[in-house]
Amino acid sequence: MKKIFITVLVVMTFLGCSSEVKEAVESKLVVNHNLSELKLNDQNGKPHSIEPDTKKIIFSFSKKVGHICNKFFDTKTKDYLTNNKVQFIVDITPAPSIIKSILIMPELKGFQYDILIINDEKISAEYQSKIDIDRIVVADVENQVIKNIKYIDNAKELEEYINQK
């Protein structure tokens, strides 16, 4: 009986181990990457792509960064991002599904401006690869091509970045 118990325990241990090896993904948040193929839904489920006239993209890959950005954008008019040719992208992929549906999405739907949502493991991995996800990631864009990427840390820097022409 003891041998059977040990055998079952060993088998269960190995069944619980994953032999899955994560593939290295090609980073898409890099200079000269063309964003024309990126298709994301906003917080209301409406599909979007990166508009050809977009000049700047703000990326949020963490809860902390998302709160900084949303708090700042919430103080602006609902057309602030559009008028400044800015698109705002938030990655909610890491959150558990129940948290997304009960807390995150209802909160995001309350904002007056469009928030493009990454909610896909593959897209999330491609855009988070080699990025400091604990900072606001900003990208200068020209004709849907990333021209420059930098990091900022607070609402003041975010406003200065958006107001640069």
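Helix H2 (63-73) sits under quite a bit of cover in this predicted model: what packs over its buried residues includes strand S3 (56-60), H3, S4, H4, strand S6 (136-142) and helix H6 (155-163). The residues being covered are Val65, Gly66, Cys69, Asn70, Phe72 and Phe73, which are buried in H2. Looking down the helix axis, these buried residues fall within an arc of 160°, so they line one face of H2. Turn to the face pointing away from that buried side and the picture is one of lysines: Lys63, Lys64 and Lys71 are exposed there.

H2 also turns up in the pockets. The largest pocket has a volume of about 420 Å³. Its lining counts 18 residues, and those closest to the centre are Ser62, Lys63, His67, Ile92 and Ile104. Lys63, then, has two roles in this description: it is on the exposed face of H2 and it is among the residues closest to the centre of the largest pocket. Helix H2, strand S4 (86-91) and helix H4 (97-109) are the elements that give two or more residues to this lining. H4 hands over the largest share, five residues. As for chemistry, the lining of the largest pocket breaks down into ten nonpolar, five polar and three charged residues.

Next comes the second largest pocket, at about 320 Å³. Here 16 residues make up the lining, with Leu81, Thr82, Val86, Gln87 and Asp114 nearest the centre. Helix H3 (80-83) and S4 each put in at least two residues, and the largest share, three residues, comes from S4. S4 is thus a contributor to the lining of the largest pocket as well as to that of the second largest. By class, the second largest pocket is lined by five nonpolar, five polar and six charged residues.

Asp114, one of the residues nearest the centre of the second largest pocket, is also a neighbour of histidine 48. Histidine 48 belongs to strand S2 (residues 47-49). With a relative accessibility of 12%, histidine 48 counts as buried, the cut-off for that label being under 20%. Leaving aside residues up to four places away in sequence, histidine 48 touches Leu38, Lys39, Leu40, Asp42, Asp114 and Leu116. With one of these, aspartate 42, the histidine 48 side chain makes a side-chain to side-chain polar contact of 2.9 Å.

Definitions and conventions:
Residues are numbered from 1 along each chain as its sequence is written. This is a predicted model: local features need pLDDT of at least 70, side-chain atom pairs count only at pLDDT 80 or more; totals for chains, interfaces and linings use all residues. Side-chain values use heavy atoms; hydrogens and water are left out. On a 1 Å grid over the protein atoms alone, a cavity is a set of points where a 1.4 Å probe fits but cannot get out, and a pocket is an open set with protein on both sides within 12 Å along at least five of seven lines; lining residues have an atom within 4 Å of a point. Grid points are joined across faces, edges and corners, and a volume is the space filled by probe spheres set on the points. Helices (H or I, at least four residues) and strands (E, at least two) are DSSP runs, numbered from the N terminus. Ala, Val, Leu, Ile, Met, Phe, Trp, Tyr, Cys and Pro count as nonpolar, Asp, Glu, Lys and Arg as charged, and the others, Gly among them, as polar. Buried means under 20% relative accessible area, exposed over 50%, partly exposed in between (1.4 Å probe, protein chains only). The arc is that of the directions from the helix axis to the C-beta atoms. Contact means heavy atoms within 4.5 Å. A polar contact is a pair of N or O atoms within 3.5 Å; within protein, one must be able to donate a hydrogen and the other to accept it, and residues adjacent in sequence count only if both atoms are side-chain atoms.
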